[in-house]
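Open the model in your viewer and keep the selection panel handy. Each stop on this tour tells you what to pick and what you will find there.

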Protein chains: 2
Amino acid sequence: MSTIKDIAKLAGVSITTVSRVLNNHPYVKDEKRRKVLQVIEELNYQQNMNAIHLVKGKTFMVGVVLPYADHPYFQSIVGGIIKAATSSEIAVLLCPTNYSKIDEIKYLEMMKRKQIDGVIICSRANTWEVILPFAEYGSLVACELVEELPCAYTDHFDAFSSALNYLIKEGHKSIGYSVARENSNSSKARLSAYHDVLEKNNLPINESFIFPDSIDIDDGKRIVKELVQLKDRPTALLVNGDEVAAGILIQAKKEGLNVPADLSVIGFDNQPFSEALGLTTIDQHLNEIGKKAFDLFLHGGHQKVCVPFDLVIRNTVSKLQQ
Amino acid sequence: MSTIKDIAKLAGVSITTVSRVLNNHPYVKDEKRRKVLQVIEELNYQQNMNAIHLVKGKTFMVGVVLPYADHPYFQSIVGGIIKAATSSEIAVLLCPTNYSKIDEIKYLEMMKRKQIDGVIICSRANTWEVILPFAEYGSLVACELVEELPCAYTDHFDAFSSALNYLIKEGHKSIGYSVARENSNSSKARLSAYHDVLEKNNLPINESFIFPDSIDIDDGKRIVKELVQLKDRPTALLVNGDEVAAGILIQAKKEGLNVPADLSVIGFDNQPFSEALGLTTIDQHLNEIGKKAFDLFLHGGHQKVCVPFDLVIRNTVSKLQQ
DNA sequence: CTGAAAGCGCTTACAG
DNA sequence: CTGAAAGCGCTTACAG
């Protein structure tokens with residue numbers, strides 16, 4: 001590969017002038033500019049970005065920290081980020097952690113090491129206490145509500161409450177739900193909404209109706225298998241993701257449970273395939289969350305953007321006799 | 001941020017020695033090594049990777065070129081790549097092109113500019129003639145069969161033929177199919193398999209049964225809308241992706257077409273949600289293709305890896321009277 | 001409008 | 001075992 005020096009020599013100018021041409025600076029005599037451009041063309045020259053990154057202390061790249069790059073929930077957020085990034089000059093680096101605290105830190109250290117200018121955290125393994133100090137080294141954005149950081153998020157308490165109220169309105173009194181990681185903030189929000197709404201409606205709280213560690217289709221199947229073992233079963237399930245809900249639909253069929261007659265299901269995320277399943281679900285506009293998160297990364301500032309959600313009613317919730 | 005110079009000064013050694021400690025070189029007196037390590041700890045030092053990249057001429061990063069980062073087909077390939085990459089020290093940069101030739105070239109130029117060490121091309125907008133010259137600047141891998149490049153691919157002629165033969169065995173004589181981009185290699189392979197298999201079976205070829213530009217759920221819906229307009233309709237559709245197939249299932253229901261009684265459907269990709277849909281589909285093991293492609297990037301060489309496929313039989317194909 | 005020179009933060013022969 | 005120095009390929013005051 002040729003360098004700026006080669007260009008300078010062949011064009012008969014200094015490297016400063018070449019640099020000026022490369023960066024569209026004014027104050028280069030037209031004749032020299034043309035000559036430089038011509039040599040660049042001839043040598044098929046391209047800048048070495050690593051040198052530029054070193055000098056500028058920036059890479060125009062953002063890391064997106066998430067546990068699983070192959071999960072539709074995160075894919076939707078990433079989709080939004082990419083869409084927003086495409087119109088900027090920022091490249092997107094996927095940073096899958098598998099919820100390993102160590103891997104997560106490694107990505108944060110990439111920022112410290114100037115490999116990426118910032119990090120958007122879709123979901124995290126470490127506590128904020130551990131993560132926040134890295135904010136000093138770059139632009140850190142969260143996809144959940146964090147006091148100290150710019151963030152784009154769903155109000156999970158609110159979303160979960162809405163879904164619960166809808167189920168209650170349809171006559172359900174015995175409602176269970178699933179969560180991914182029991183200690184995540186959104187799971188805590190769901191638990192408190194569960195208590196809050198059920199108590200307000202004088203409905204019994206049954207914590208054996210809570211199914212943790214639910215991430216993918218197989219978890220959905222597992223939930224139904226566990227469910228059929230219970231003598232006292234919920235009539236409705238509020239599921240933390242449409243993929244889990246898909247697993248529930250599959251296994252329910254196998255077990256001879258009719259959805260929604262025997263079991264109502266509300267999903268979360270409104271994935272593209274959910275329409276085909278006729279799944280009633282909460283659309284939290286993950287794409288939008290991704291977009292907003294990217295904007296926050298790009299423009300800095302310390303805003304908190306709460307992205308509204310919608311309940312999308314389809315065919316997996318039945319109306320019960322009052 | 002502190003630099004190697006600061007460490008050297010405070011530790012009372014040269015920067016050479018600091019570099020040696022950082023890179024686990026032998027030949028550093030234990031006492032000095034300890035001192036350096038201690039100062040590094042104190043200053044909370046991290047290397048500036050851009051300097052290292054500049055010196056080494058490498059970034060340990062691979063770009064993955066694809067049209068849409070939010071499409072399940074590509075997400076599955078990317079999933080495989082990420083899985084393979086996680087156990088190496090290589091980071092994965094997503095390069096969505098939206099099938100813009102210009103954007104695609106931009107990513108190839110990132111390689112030329114030393115921002116990434118290589119590029120895995122999942123699907124491309126430019127001709128190979130345009131792309132191949134970039135192989136000079138880094139490691140280029142394809143996810144389709146290309147003479148000049150290492151590649152991991154599906155034999156689409158073979159896969160498509162298998163599905164056709166299965167449909168014919170089930171008594172179908174009037175078969176249509178969909179493709180994404182009409183001029184892609186896989187579409188051409190499908191067309192020639194269509195001719196080949198149908199002719200061998202003395203079945204009529206009807207090119208109005210070919211539905212191009214089919215990418216997502218909406219395209220699947222569109223296909224059914226077009227289909228119901230035809231007086232002469234195929235009894236079975238071989239669809240180029242499960243997402244399109246999902247759209248077909250949705251719209252068929254709306255139009256009062258029973259699948260599979262009125263219309264049999266075979267998908268492609270075996271996406272996670274396909275099981276929930278009961279969709280018969282061809283699993284081409286996209287994850288595996290991604291993994292192999294990454295291995296080819298990592299280890300160089302010029303292998304061609306043909307990844308085998310499976311026909312996954314579920315409930316969307318009917319048996320017709322002979 | 002132009003160029004010499006310092007500097008970005010590292011690695012790596014080379015000499016000792 | 002150790003360090004001075006050159007070099008990776010750029011940008012950017014500074015002086016003219």
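What follows is a walk through a predicted model, with a few selections at each stop.

**Stop 1: the annotated span of chain A**

Begin by selecting residues 2-56 of chain A, which an unreviewed UniProt entry annotates as "domain: HTH lacI-type". Colour the span by secondary structure: 69% of it is helix and 0% is strand. If you pick the C-alpha atoms at its two ends, you will find them 21 Å apart.

**Stop 2: DNA strand C**

Now show DNA strand C and the 25 residues around it. Those that come nearest are A:T17, A:R20, A:K29, B:S19 and B:Y45. Of the strand's atoms within 4 Å of the protein, sugar and phosphate make up 60%.

Which secondary structure elements each supply at least two residues of this surface? Select α2 (15-22) and α4 (49-56) in chain A, then α2 (15-22) and α4 (49-56) in chain B, and you have them. The biggest giver is α4(B), with four residues. Colouring the surface by residue class gives 12 nonpolar, 10 polar and three charged residues.

Next, zoom in on individual atoms. The side chain of A:T16 places a polar atom 2.8 Å from a base nitrogen of DNA strand C. Over in chain B, an N or O atom of the B:T16 side chain is 3.4 Å from a base oxygen of the strand. For a backbone example, turn to B:N48: one of its polar backbone atoms is 3.2 Å from a phosphate oxygen of DNA strand C.

**Stop 3: DNA strand D**

Switch to DNA strand D, which also has 25 residues around it. Here A:S19, A:Y45, B:T17, B:R20 and B:K29 come nearest. Sugar and phosphate account for 61% of the atoms of DNA strand D that come within 4 Å of the protein.

Three atom pairs are worth picking out. At A:I4, a polar backbone atom is 2.8 Å from a phosphate oxygen of DNA strand D. A:T16, which you met at the previous stop, has a polar side-chain atom 3.4 Å from a base oxygen of DNA strand D. From chain B, the side chain of B:R20 has an N or O atom 2.7 Å from a base oxygen of this strand. Widen the view to whole elements, and α2 and α4 of both chain A and chain B give two or more residues to this surface. This time α4(A) gives the most, with four residues. The surface near DNA strand D divides into 12 nonpolar, 10 polar and three charged residues.

**Stop 4: the domains of chain A**

Zoom out and colour chain A by its domain assignment: domain 1 (4-47), domain 2 (58-153) and domain 3 (156-283). Where domain 2 and domain 3 of chain A touch, 10 residues come from domain 2 and six from domain 3. The C-alpha centres of these two domains are 29 Å apart.

**Stop 5: B:C143**

Finish in chain B by selecting B:C143, in the loop between β4 (139-142) and β5 (151-153). Is B:C143 buried or exposed? Its relative accessibility is 11%, so B:C143 counts as buried. Now display its contacts beyond four places in sequence: B:I77, B:I120, B:I121, B:C122, B:A152, B:Y153, B:I289 and B:A293. As a last pick, add B:K292, which is 149 residues from B:C143 in sequence but 9.3 Å away in space, C-alpha to C-alpha.

Methods
Residues numbered from 1 in each chain as written. Chains lettered and ligands numbered in written order. Predicted model: local features only at pLDDT ≥ 70, side-chain atom pairs only at ≥ 80, totals over all residues. Heavy atoms only, no water. UniProt positions renumbered as here; feature names shortened; annotations may be inferred. Near = heavy atom within 4 Å. Polar contact = N/O pair within 3.5 Å; in protein donor to acceptor, adjacent residues only side chain to side chain. Nonpolar A, V, L, I, M, F, W, Y, C, P; charged D, E, K, R; others polar. Buried < 20%, exposed > 50% of the residue type's maximum accessible area, 1.4 Å probe, protein only. Contact = heavy atoms within 4.5 Å. Domains from an automatic or database assignment.
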